[in-house]
Amino acid sequence: SDLGGVKANEFAYVTSGSAIHRVEVLGRQDTGELRAQETQVVATCESGVVSRLTDSGWEQLAPAAGVDAFEPGAGVRPWSFEMYGRHYFGGPDDYRVWDPRVGQVREWTPGENSLIPPRIFTAVRWRGRAIVVSEDDRHVLYGSAFGEPTDFQTGGETVTATQAFAGTTAATGAIPDPITALMPSTDDLRDVGTNRSVWRITGDPQTGGQLDDVLASEGVVAENAWCRGDAGEMYWMTTGRRVVQLGSSGMVDISSTSIRGRLQRIDPEEYRVELIFSDREQGVYVLFVPRSGTPEKDLEHLFWSKRSQRWHPVQYAGGIDRAVTAAAVLENADAGGWGALLGFADGFLRFVHPEALDDDGVPIASRLRVPVTGDGDPQRGMIQFAELVLDEAQGPVRVVGVAGRTGSTGDDYGQETVVQPGRGDGVHVGVAGSHTWLEVIGTGEPWAIDSMAVDVHLW
């Protein structure tokens, strides 16, 4: 389903016609410097404009005196991370930092006798260090000194546990394959994805950390193609086009047969894959972000429900101007907790909300797919009859049964029935196939299902 649609901030233009390329939420963790109510949302646009979201709209972050405007370069997607309440961001050769207490963008410059690694490919915060990978050598991890993101000086007569390290000087050594993703899961564990393997670092590399091979046959497809779940489990999309979950019980392939064909068609050269975990929806968004050129109209993304262990297609209508270009998670009390915060090609930043208003103030007609048979069922199935009961004052909705040879495309559609609020209406379906499902379609009003029953015959 589209999970109720997206909610647009009425003041959400960062800059007219400039796609949002990166979204970072500052203050997500208690650093002792930013309180929860001081959470900052910062967006970086294709044009290089960097803005923060305020109560009165977007405020462009001005560079300090003598500092040029940020220019990421044509076709460059900026990297960013949050550390001690500050926003670090940049392109391959242009490094910046914004401190909300100072209010100006400054250059991220090295400390005395130090040098920040050149041509940064990706960067994250881990164990109080800035961890950086350079385009010049994607096998090497560079870690700043503990608590000092400007100090990358390694070596010296006395080696300490808190000083900077490089993959060539740390106890763990260099990563065997070119790094594609840095995936910190906890302060003690960090997963590192490469183009053909996944490695886990346990402990700090400077103090004898351990490097173990987690997945030897496949790597991680892109730098943001991973996320951390609410129970500490990790998810990523592999170079073999699978989505896997790594938790306390080991690694599980959560890709179903219904989406494998869709994943196989994704070309990493054309699309950058991003994963985010929504605590409110209890599941993983798999988003496909065009790297360049005109994005596919009404591009279909994917959502995996942790509760039902099922996949659902996700679309944001409106053509190429609604292509998702960036993603993060943000806490929103009105929407019931942490949820998906999406940047779009039209310059809007939107929060996925169950009772959303579209840009024109009209509630989105949301669509929910309820799988009935398929994905491992050895038999064909027929949905003969269904009964839906809506909550009071919720609805109406339209209901139709669908069957198909796969779980992604319908070949047979039953007769559509309108179900009114607070009533239990019978729906004569009469569709059969290898995969069957019900589609519940909103009509512009908020809706909620109280109960549902389905009569299914298998053969």
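Q: Buried means under 20% relative accessible area. How many of the 6 residues of strand β11 are buried?

A: First, a caution: this is a predicted model. In a regular strand the side chains alternate between the two faces of the sheet. Now take β11, residues 129–134. Here 6 of the 6 residues are buried, so the strand is largely enclosed by the rest of the structure.

Q: Which residues of β11 lie on one side, and which on the other?

A: R129, I131 and V133 are on one side. A130, V132 and S134 are on the other. Both faces are covered, and these residues are all buried.

Q: How many bridges join β10 to β11, and in which sense do the strands run?

A: The count is 6 bridges, and β10 and β11 run antiparallel. Find one pairing: I120 stands opposite S134 in β11. The two strands form a hairpin with 2 residues between them. One residue in that turn is R127, with a positive phi of about 55 degrees.

Q: What sits under the charged end of R127?

A: The ring of W126 does. The charged end of R127 is 5.6 Å from the ring's centre. Look for another case at W437: R369 lies over its face, at 4.3 Å from the ring centre.

Q: How does β11 pair with strand β12?

A: The two pair in the antiparallel sense over 3 bridges. Strand β12 covers residues 137–143. I131 has G143 as its bridge partner in β12. A hairpin of 2 residues joins β11 to β12.

Q: Now to rings. How many aromatic pairs does a search of the whole structure find?

A: The search finds 12. Take Y88 and W108. Their rings are 5.2 Å apart, centre to centre, with 65 degrees between the planes. Planes over 60 degrees apart count as edge-to-face, and this pair is edge-to-face.

Q: Where do Y88 and W108 lie in the chain?

A: Y88 is in strand β7, residues 86–90. W108 is in the loop between β9 and β10. The pair therefore ties together parts that are 20 residues apart in sequence. Y88 and W108 are both buried. Ring pairs also link them with W79, F81, Y95 and F152 into a cluster.

Q: Are the rings of Y235 and W304 stacked, edge-to-face or tilted?

A: Tilted, because their planes are at 55 degrees. Their centres are 5.8 Å apart. Y235 lies in strand β19 and W304 in strand β24, so this pair ties together parts that are 69 residues apart in sequence. Both residues are buried.

Q: Which residues touch the most other members of the largest nonpolar core?

A: They are W236, V273, L275, V286 and F288. This core has 32 residues. Elements giving two or more residues to the core include β19, α1, β22 and β24. Another core, of 15 residues, lies apart from this one. Among its members are I383, A403, V429 and L438.

Q: On to charges. How many salt bridges are counted?

A: The count is 15. The general idea comes next. Side chains of opposite charge can pair when their charged atoms come close. Start with D99 and R86, whose side chains meet at 3.1 Å, N to O. D99 lies in the loop between β8 and β9, and R86 in strand β7, so the salt bridge ties together parts 13 residues apart in sequence. D99 counts as buried, at 6% relative accessibility. R86 is partly exposed, at 23%.

Q: Are D177 and R196 buried or exposed?

A: D177 is buried, at 8% relative accessibility. R196 is exposed, at 54%. These two form a salt bridge, with the closest N and O atoms 2.9 Å apart.

Q: How far apart in sequence are the parts that K306 and D230 tie together?

A: They are 76 residues apart. The side chains of K306 and D230 meet in a salt bridge at 2.6 Å, N to O. K306 is partly exposed, at 22%, and D230 is partly exposed, at 40%.

Q: Which residues do salt bridges with shared partners join into one network?

A: E218, R242, D253 and R260.

Technical notes. Residues are numbered from 1 along each chain as its sequence is written. This is a predicted model: local features need pLDDT of at least 70, side-chain atom pairs count only at pLDDT 80 or more; totals for chains, interfaces and linings use all residues. Side-chain values use heavy atoms; hydrogens and water are left out. Rings of Phe, Tyr and Trp (its six-membered ring) pair if their centres lie within 6.5 Å; planes under 30 degrees apart count as stacked, over 60 as edge-to-face and the rest as tilted. Helices (H or I, at least four residues) and strands (E, at least two) are DSSP runs, numbered from the N terminus. Buried means under 20% relative accessible area, exposed over 50%, partly exposed in between (1.4 Å probe, protein chains only). A charge sits over a ring if NZ of Lys or CZ of Arg is within 6 Å of the ring centre and within 35 degrees of the ring normal. A nonpolar core is a set of buried Ala, Val, Leu, Ile, Met, Phe, Trp, Tyr and Cys residues joined through side-chain atoms within 4.5 Å. Two strands pair if DSSP finds at least two bridges between them. A salt bridge is a side-chain nitrogen of Lys or Arg within 4 Å of a carboxyl oxygen of Asp or Glu.
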